[in-house]
Amino acid sequence: MALALYDTLVPFYHLLDPVAEHADEMAVVIEAFEGISPCNTLLELGAGAGNNAFHLKAHVACTLTDLSPAMLGLSRAQNPECEHLVADMRTLRQGRTYDVVLAHDGITYMSTLDDLRAAVLTAFVHTRPGGLAVFAPDVYRETFEESTDLYEGDDGTRALRCLEWSWDPSPDDHACITEYSFLLREGGEVVSVHDRHVEGLFSRAEWREVLTEVGFTVGTTRRPIGDGETDEIFVCRRP
Ligand SMILES: C[S@@+](CC[C@H](N)C(=O)[O-])C[C@H]1O[C@@H](n2cnc3c(N)ncnc32)[C@H](O)[C@@H]1O
């Protein structure tokens, strides 16, 4: 069954994940890809609402792919100049390569090693020799802790309050859970929705092993994650 957040709740998505909040992190991605030449094209896997692409598209022509047609609808509205394609990052094969491939938080939905390998292989076959692939998962096994966050947003027509609760029911596999509890207000009506997301949890060593196995030369850089903190993301070269 489709996740409500990327399906029926899409009209509220911008209240949970505002586009402006992607600017700092995308500045790091732009700095990384400005190190290669030529750098004209980018493929994003799991591009969602296109909030990353909004900051990238002035620098490279973006092709944006996602499993959810509704999320890509949001992206088309804010990035009409970009190419959009409904596709699963585990199986996409376009028969062409790009200067840069980006897999941001959508890759967090790879919750087994086989799925992670499949998505990383997709990135590899779409990266030109000498090109870059950037992998920026939300969490790593080493730093994961059960946690709770609260979000709120209003746009005058719709309002959202959300509790996000991440936990790991079975530390011996590669999956963890993020529970979302939403209260959503529209036209004076308020509804509640519980949405359970199964996500992946891999150690940095496991990430490196998968990236190396498919053929990437693995590097890292640091990205801002708010409150002055940073974490590590993978910036890989296809030899
Ligand atoms: C948090 S959203 C991404 C938001 C995005 N970073 C942005 O800039 O708007 C995560 C996305 O991953 C997508 N996704 C989950 N599993 C996927 C898969 N197997 N292949 C492609 N996209 C997937 C979801 O449909 C969702 O749109």
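Two residues are taken to be in contact if their C-beta atoms, placed from the backbone, lie within 7 Å. By that criterion, and in what is a predicted model, Val101 is in contact with Leu43, Leu45, Ala123, His126, Thr127 and Ala133, once its neighbours within four places in sequence are left aside. Val101 also leads into the interior of the chain, since it is listed with Val100, Ala103, Ala119 and Val134 as having the most contacts inside the largest nonpolar core, a set of 55 residues. Strand 4, which spans residues 98-103, gives the most to this core, with five residues. The core draws at least three residues from each of domain 1 (4-139 + 203-237) and domain 2 (147-200). As a general matter, nonpolar side chains in soluble globular proteins tend to be buried together.

The division into domains deserves a closer look. According to the domain assignment, the chain consists of domain 1, made of residues 4-139 and 203-237, and domain 2, residues 147-200. The centres of the two domains, taken over C-alpha atoms, are separated by 22 Å, and where the domains meet, 14 residues of domain 1 are in contact with 16 residues of domain 2. On the side of domain 1 that touches domain 2, the elements giving two or more residues are helix 1 and helix 5 (113-125), and the residues of that side divide into 11 nonpolar, three polar and no charged.

Helix 4, residues 69-78, shows how a single element is placed in its surroundings. Its buried residues are Met71, Leu72, Leu74 and Ser75, and because they cover an arc of only 150° around the axis, they lie on the same side of helix 4. These buried residues pack against helix 1 (13-16), helix 3 (53-56), strand 2 (61-66) and strand 3 (83-86).

The surroundings of the ligand comprise 20 residues, of which Gly48, Ala49, Asn51, Ser68 and Gly106 come nearest. In character this shell is mixed, with seven nonpolar, nine polar and four charged residues.

Two further positions can be followed through their contacts. Glu146 lies in the loop between strand 5 (127-135) and strand 6 (147-154), and it counts as exposed because it has 9 C-beta neighbours inside 10 Å, where 12 or fewer is the limit. Leaving aside neighbours within four places in sequence, Glu146 is in contact with Ser166, Trp167 and Asp168, whereas Glu146 and Leu64, 82 residues apart in sequence, are 32 Å apart in space from C-alpha to C-alpha. Thr178, placed in strand 8 (residues 175-186), is partly exposed, with 19 other C-beta atoms within 10 Å. With the same sequence neighbours left aside, Thr178 is in contact with Glu164, Ser166, His197 and Glu199, and between Thr178 and Arg196, which are 18 residues apart in sequence, the C-alpha to C-alpha distance is 6.0 Å.

Finally, there are two points of backbone geometry to consider. Most residues other than glycine have a negative phi, and most peptide bonds are trans. The peptide bond from Ser37 to Pro38 is cis, however, with omega near -5°, and Pro38 is placed in the loop between helix 2 (23-33) and strand 1 (41-45). Asp227, although not a glycine, has a positive phi of about 55°; Asp227 is found in the loop between strand 10 (217-226) and strand 11 (229-237), and with 5 C-beta neighbours inside 10 Å it counts as exposed.

Definitions and conventions:
Residues are numbered from 1 along each chain as its sequence is written. This is a predicted model: local features need pLDDT of at least 70, side-chain atom pairs count only at pLDDT 80 or more; totals for chains, interfaces and linings use all residues. A residue is near a molecule or strand if its C-beta atom, placed from the backbone, lies within 6 Å of it. Ala, Val, Leu, Ile, Met, Phe, Trp, Tyr, Cys and Pro count as nonpolar, Asp, Glu, Lys and Arg as charged, and the others, Gly among them, as polar. A nonpolar core is a set of buried Ala, Val, Leu, Ile, Met, Phe, Trp, Tyr and Cys residues joined through C-beta atoms within 7 Å. A residue is buried if 20 or more other C-beta atoms lie within 10 Å of its own, exposed if 12 or fewer, and partly exposed in between; C-beta atoms are placed from the backbone. Helices (H or I, at least four residues) and strands (E, at least two) are DSSP runs, numbered from the N terminus. Domain bounds come from an automatic or database domain assignment. The arc is that of the directions from the helix axis to the C-beta atoms.
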